[in-house]
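Here is a set of exercises to work through with the model open beside you. Try each one yourself before you read the solution.

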Amino acid sequence: MTKNALITGITGQDGSYLAELLLEKGYKVFGLRRRTSVPILENIEHIKNEIEFIDGDLLDQGSLIQAVRVSNPDEVYNLAAQSFVGTSWIQPVLTGQSTGIGVTNMLEAVRLTRPEARFYQASSSEMFGKVVETPQKETTPFYPRSPYGVAKLYGHWITVNYRESFDMFACSGILFNHESPRRGVEFVTRKVTDAVARIKLGLQNELRMGNLDAKRDWGFAGDYVKAMWLMLQQDKPDDFVISTGETHTVEELVEIAFGHAGLNWREYVVIDPKFVRPAEVDLLLGDCTKAKDKLGWKLEVGFEELIKMMVDADLKRLR
Ligand code: NDP
Ligand code: GDR
C-alpha cells in the first residue's frame with residue numbers, strides 16, 4: 001500500500017531532500033506551500049511534477065486542517081519555520097508565531113483530523129544554546145540564546161506534550177547544523193561558498209562576516225533527512241540528537257572553502273559588526289550515540305567533503 005506523507009517547508013533545503021527520499025521510497029508526497037507573488041521552487045524544480053502541492057501557512061489553522069484532510073497522511077514532517085537565527089532578533093514575534101506556535105497549529109490539525117498519523121518535528125541544536133554540557137545529547141539541559149532557539153524549544157516541548165497527553169506518535173529530531181548546495185544564502189556555509197565562487201569568477205571583491213570563532217557541528221542535509229524518516233519507522237515515538245560528533249570554527253570553514261578555490265581567505269574576509277549577533281551560541285558539538293544505536297543511522301558525507309561540494313556547486317551555478 002502506498003503511504004502518504006505531508007511535508008511542511010517543502011520549498012526549503014530539508015523539504016527538498018526529504019521529498020526526494022520519500023518519492024524514491026514510493027510515497028505519495030504532499031507539500032504545504034505558501035502563496036508568494038513569485039513562486040520560488042528552485043530546490044524542488046526537478047521533482048515538482050511528482051509532488052502534490054497544498055496551499056497553506058503555519059499561521060493559518062484552517063489551512064493546516066484542510067491540508068491534513070486532503071493529504072490523509074500516514075506521516076507528517078513539520079519542517080516549516082522562520083529558520084534564520086539572525087532574523088529572529090529582527091522579527092521575534094513572527095518567529096515565535098511560526099517556529100513556536102506553528103508547531104501547535106500543526107499538531108492540532110493532526111490531532112483533530114488524523115490522530116493516528118506519525119508526526120516529526122524539526123527541532124534544533126540551537127535549543128542547547130549556552131554551553132552547559134558538551135558534547136550535547138538528548139539529556140543535556142537546554143539554554144536557548146536567540147528568539148529562534150526559544151521558539152524551537154517551545155515546539156520541542158509541545159511535541160513531547162502531545163505525545164504524552166494524547167498518545168500521538170510524535171517525535172522531535174534535535175538536528176545539529178546541516179548544509180548542502182541548496183542551503184539558503186544567508187546561512188554561513190552557503191554565504192561563504194557563494195562568495196568564494198563569486199570572488200573566484202571576478203564577480204565580488206570581499207566577504208563581510210561576523211564571529212569567526214563560533215564552533216558548529218556541520219553535517220550534510222541529505223544524510224540528515226534519512227534520520228527523520230527512520231524516527232517515524234520505529235515501534236515507539238522518541239526524540240533523537242542527529243549530529244556528526246565533530247566541531248569546527250567558522251574560520252576553519254572559511255579557510256577550507258577559499259583554499260579549495262586556490263584563494264587565501266585573509267585577502268578577502270572583512271569583519272563587520274553588523275553580522276555579530278546580540279547573543280552567540282559559542283560551541284555546538286553533538287553526541288548522536290542514541291540515533292546510531294536505535295535507528296541504525298549513519299553519516300556518509302564529512303565536513304571537508306561537504307564544503308568542497310558546496311564550493312563546486314556554486315562555481316558551476318555561477319559559470
Ligand atoms: P529553510 O529555511 O530552507 O526552509 C524553511 C521552510 O519553511 C521553507 O519551505 C519556507 O517556505 C517554510 N515556511 C516558513 N514560514 C512558513 C509558514 N509560516 N508557513 C508555511 N511554511 C513556512 O530551512 P531548512 O530546510 O534548513 O530547515 C528545515 C527545518 O529544520 C526548519 O524548521 C529549521 O528551523 C529546522 N532546522 C534546520 C537545521 C539546519 O541546519 N538546516 C538544523 C535544525 C533544525 P517559503 O519557501 O515560502 O519561505
Ligand atoms: P545557525 O547558522 O545560527 O547555527 O543556525 P548560521 O549558518 O546562520 O550561523 C552559524 C555561525 O556562524 C556565525 N557567523 C555568521 N553567520 C551568518 N549567517 N552570517 C555571517 O556573516 C556570519 N559570520 C559568523 C554565526 O554567528 C553562528 O555562530 C542554523 C539554522 O539552520 C537553524 O535553523 C538551525 O536550527 C541551526 O543551524 C542548528
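## Exercise 1: Two domains

In this predicted model, the centres of domain 1 and domain 2, taken over C-alpha atoms, are 26 Å apart. Work out which stretches make up each domain, and how many residues each one brings to the contact.

Solution. Start with the assignment: domain 1 covers 4-178 + 218-242, and domain 2 covers 184-217 + 246-283 + 301-318. Next, go to where they touch: 15 residues come from domain 1 and 16 residues from domain 2. Finally, sort the domain 1 side by class, and you get 6 nonpolar, 6 polar and 3 charged residues.

## Exercise 2: Placing ligand 2

Find out where ligand 2 lies with respect to domain 1 and domain 2.

Solution. First, collect the shell: there are 22 residues around ligand 2, and the nearest are Val 85, Ser 124, Val 188, Gly 210 and Ala 214. Then ask which domains contribute. Domain 1 and domain 2 both give residues to this shell, so ligand 2 lies between them. As a last step, split the shell by class: 9 nonpolar, 7 polar and 6 charged residues.

## Exercise 3: The shell around ligand 1

Which helix supplies the largest share of the shell around ligand 1?

Solution. Begin with the residues: 28 of them surround ligand 1, with Gly 9, Gly 12, Ala 80, Ala 81 and Ala 122 the closest. Now look for elements that supply at least two shell residues each; helix 1 (13-24), helix 4 (92-113) and strand 5 (118-124) do. The largest share, 3 residues, comes from helix 1. By class, the shell of ligand 1 holds 10 nonpolar, 15 polar and 3 charged residues.

## Exercise 4: Helix 1 against helix 7

Describe how helix 1 crosses helix 7, and list the residues that make the contact.

Solution. Take the geometry to begin with: the axes of helix 1 and helix 7 (residues 221-231) come within 9 Å and cross at roughly 65°. The handedness of this crossing is right-handed. Now the residues: helix 1 uses Gln 13, Asp 14, Tyr 17, Leu 18 and Leu 21, while helix 7 uses Ala 221, Gly 222, Val 225, Lys 226, Met 228 and Trp 229. Counting by class gives 7 nonpolar, 2 polar and 2 charged residues.

## Exercise 5: Helix 2 against helix 4

Decide what to call the packing of helix 2 on helix 4, using the angle between them.

Solution. Helix 2 (residues 61-71) and helix 4 pack at about 45°, and their axes are 9 Å apart. That angle makes helix 2 oblique to helix 4. The crossing itself is right-handed. On the helix 2 side you'll find Gln 61, Leu 64, Ile 65, Ala 67, Val 68 and Arg 69; they meet Asn 105, Met 106, Glu 108, Ala 109, Val 110, Leu 112 and Thr 113 of helix 4. Sorted by class, the residues of this contact come out as 8 nonpolar, 3 polar and 2 charged.

## Exercise 6: Helix 6 against helix 10

Do the same kind of analysis for helix 6 and helix 10: angle, handedness and contact residues.

Solution. The axes of helix 6 (residues 188-200) and helix 10 (residues 303-318) come within 8 Å and cross at roughly 50°. That makes helix 6 oblique to helix 10, and the crossing is right-handed. Helix 6 puts in Thr 189, Arg 190, Thr 193, Asp 194, Val 196, Ala 197, Arg 198 and Lys 200, and helix 10 answers with Ile 307, Met 310, Val 311, Asp 314, Leu 315 and Leu 318. By class, this contact has 7 nonpolar, 2 polar and 5 charged residues.

## Exercise 7: Backbone oddities

Where in the chain do Pro 135 and Asn 72 lie?

Solution. Take Pro 135: the peptide bond to it from Thr 134 is cis, with omega near -5°. Pro 135 lies in the loop between strand 5 and helix 5 (147-166). Turn to Asn 72, which isn't a glycine but has a positive phi of about 45°. Asn 72 lies in the loop between helix 2 and strand 4 (75-78).

Key. Residues numbered from 1 in each chain as written. Chains lettered and ligands numbered in written order. Predicted model: local features only at pLDDT ≥ 70, side-chain atom pairs only at ≥ 80, totals over all residues. Near = placed C-beta within 6 Å. Helix = DSSP H or I, 4+ residues; strand = E, 2+ residues; numbered from the N terminus. Nonpolar A, V, L, I, M, F, W, Y, C, P; charged D, E, K, R; others polar. Axes fitted to C-alpha atoms, helices over the stretch in contact; angles between N-to-C directions. Parallel < 35°, antiparallel > 145°, perpendicular 65-115°, else oblique. Left-handed = near helix turned anticlockwise from the far one by under 90°. Contact = placed C-beta atoms within 7 Å. Domains from an automatic or database assignment.
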